[in-house]
Amino acid sequence: MALITKAIKGTQDVLPADSHKNQFIESTVLEIASEFGFKEIRTPVFEHTELFTRSVGDTTDVVQKEMYTFDDKGGRSITLRPEGTAGAARAFLEHGLQNEPMPQKVSYLTSCYRYEKPQAGRLREFHQFGIECYGAESPAADAEVISVGNEVFGFLGIDRIRLEINSIGCPTCRKEYQTALKAYFESRKDELCPTCLERLDRNPMRILDCKSPICHEIAAGAPIILDYLCDDCREHFEEVKKYLEEMNISYEVNPHIVRGLDYYTRTVFEFVTDSLGAQAAVCAGGRYDGLIEEIGGSHVPALGFGMGIERLLLLLEAQGIELPEAKKCDIYIANIGKNASYKAAALATELRQSGMSAQFDVVGRSLKAQMKYADKINARYTTVLGDDDIASGIAKVKNMETGETTEINLEDFADSFMDLSLQSAASELQNLVSDDKSVDISKFLGGIM
Ligand code: ATP
Ligand code: MG
């Protein structure tokens, strides 16, 4: 019994009291992406396992240790997506988007699944906002993708966050680098963890990304890829930096970023924070010019990033940034008696059809209990309907903030109430503007819009 009332380890519920924060973040990021021309794509939560082993790479932590893989009843190997890039790339190919004008820009909000050790900011089911840009080789595209992430943090008022960038070259320059890397790790072979020992032959770059403390320490002294870049890759990286400077985006070059997924080439980047302990990366991505070919398409240079929604929310909290409040109930219609209850139902319907949030008693409570409830839900206005009000055709509407009451005709209740509500919102807003409380203004707008 206990099992069915407990969520699975590493998963979390978003409760009604908090969901407005997720909704605000989700609509904000999609809106910002759309300003840059990214349009939403939605792909299934599961894919053929091979898509991930091929694209993410079978020597990565994600594929080796973290995937939720199972056989379905038809005997197919299925994997719950651990990230969003592979599914989007598969859809891009399957639907022939390479025949559309380039670049193709997509955005998504997806749940992701990784069997990791759960802790704050590290879940087994988490959510990513991501964008992908297909068909652009130019460093301008790298800077543009990075600038979407930058814009999200800027818009939300997050300042203690660093952009770190690196280039991990192309298969050509990586050959020589891999040899140097292998020689270095060979010399410290006895200290590597068993997984990295296996990676030494197959993909020594993966050792740079190992989370085990000893491998991490050994990796810190390894040769760095920047010293091995071919002329084209070096030039590309210089240009990315130039564009970032033109866009007024500060960055630091961190030669140790390699990223945990195999498909990356050239530019890789992370937005990192000191506010979240070991879960420092809030947004991470890069260029993956070989991926579309790897999964069976033609050569389509591409790049993107994934941003962890839960980490973003933790970061906002850690930095004391308040999001707009949940939309309040505009009016609560308390009612006494059957007739008044019918009338309340009719008025609430009219109000909602005019775009307002209205509630009335559906429990059959005493007037006192109804008013207590109106207070709990933070209703901006209340009115009490009884037989007398219905007979006179006039209701008294009370502003719960100021205590002021206004009489409104039941005949055109929705229209008159809307006028009243807008008038008081306007004067409240004017007061805020003259006091220059910019934070309060955005909270206020969240409350009424
Ligand atoms: P980390 O190094 O923290 O394990 P990662 O390199 O595995 O991160 P990516 O695969 O680049 O992460 O995913 C992009 C973003 O998704 C991360 O920057 C992070 O914000 C978020 N993310 C990744 N794994 C998790 C997780 N298990 N729980 C919550 N968010 C996550
Ligand atoms: Mg990880």
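In the predicted model, residue N248 is found in the loop that connects helix α9 (231–246) with strand β8 (252–253). The backbone of N248 adopts a positive phi of about 65 degrees, although N248 is not a glycine. With a relative accessibility of 69%, N248 lies over the 50% cut-off and therefore counts as exposed. A second residue other than glycine with a positive phi is R266, for which the angle is near 50 degrees. R266 belongs to strand β9, which comprises residues 265–272, and its relative accessible area of 13% means that R266 is buried. The two residues thus share the sign of phi, whereas N248 is exposed and R266 is buried.

A further backbone feature concerns the peptide bond that leads from M102 to P103, which is cis, with omega near 0 degrees. P103 is placed in the loop between helix α4 (85–94) and strand β5.

Strand β5 itself covers residues 104–113, and because nine of its ten residues are buried, the strand is largely enclosed by the rest of the structure. One of the residues located in β5 is V106, and since its relative accessibility is 7%, a value under the 20% cut-off, V106 counts as buried. Along the chain, V106 and E144 are 38 residues apart, and their C-alpha atoms are separated by 13 Å.

The pairing of β5 with other strands was examined next. Strand β1 (residues 39–40) runs parallel to β5 and is joined to it by two bridges; within this pairing, K39 has V106 of β5 as its bridge partner. With β6, by contrast, β5 pairs in the antiparallel sense, and ten bridges connect these two strands. In this antiparallel arrangement, S107 stands opposite I131 of β6.

Strand β6 also takes part in the surroundings of ligand 1, since β6 (125–134), β10 (281–287) and β11 (302–308) are the elements that give two or more residues to the shell around the ligand. Among the contributing elements, β10 gives the most, with four residues. The shell around ligand 1 consists of 16 residues, of which R114, E116, R122, K211 and R259 come nearest. By residue class, the shell is made up of six nonpolar, four polar and six charged residues.

Several polar contacts between the protein and ligand 1 can be described individually. A polar atom in the side chain of R114 is positioned 2.8 Å from an oxygen atom of ligand 1, and an N or O atom in the side chain of K211 likewise lies 2.8 Å from an oxygen atom of the ligand. In the case of V282, the contact is made through the backbone, where a polar atom is 3.0 Å from an oxygen atom of ligand 1. Taken alone, ligand 1 exposes 590 Å², and the protein buries 92% of that area.

At the level of the whole chain, the protein is divided into two parts, namely domain 1, which is assembled from the segments 8–170 and 230–318, and domain 2, which spans residues 331–448. The centres of domain 1 and domain 2, taken over C-alpha atoms, are separated by 44 Å.

Technical notes. Residues are numbered from 1 along each chain as its sequence is written. Chains are lettered from A and ligands numbered from 1 in the order in which they are written. This is a predicted model: local features need pLDDT of at least 70, side-chain atom pairs count only at pLDDT 80 or more; totals for chains, interfaces and linings use all residues. Side-chain values use heavy atoms; hydrogens and water are left out. A residue is near a molecule or strand if one of its heavy atoms lies within 4 Å of it. A polar contact is a pair of N or O atoms within 3.5 Å; within protein, one must be able to donate a hydrogen and the other to accept it, and residues adjacent in sequence count only if both atoms are side-chain atoms. Accessible areas come from the Shrake-Rupley method with a 1.4 Å probe; for residues, only the protein chains shown count as cover. Ala, Val, Leu, Ile, Met, Phe, Trp, Tyr, Cys and Pro count as nonpolar, Asp, Glu, Lys and Arg as charged, and the others, Gly among them, as polar. Domain bounds come from an automatic or database domain assignment. Buried means under 20% relative accessible area, exposed over 50%, partly exposed in between (1.4 Å probe, protein chains only). Two strands pair if DSSP finds at least two bridges between them.
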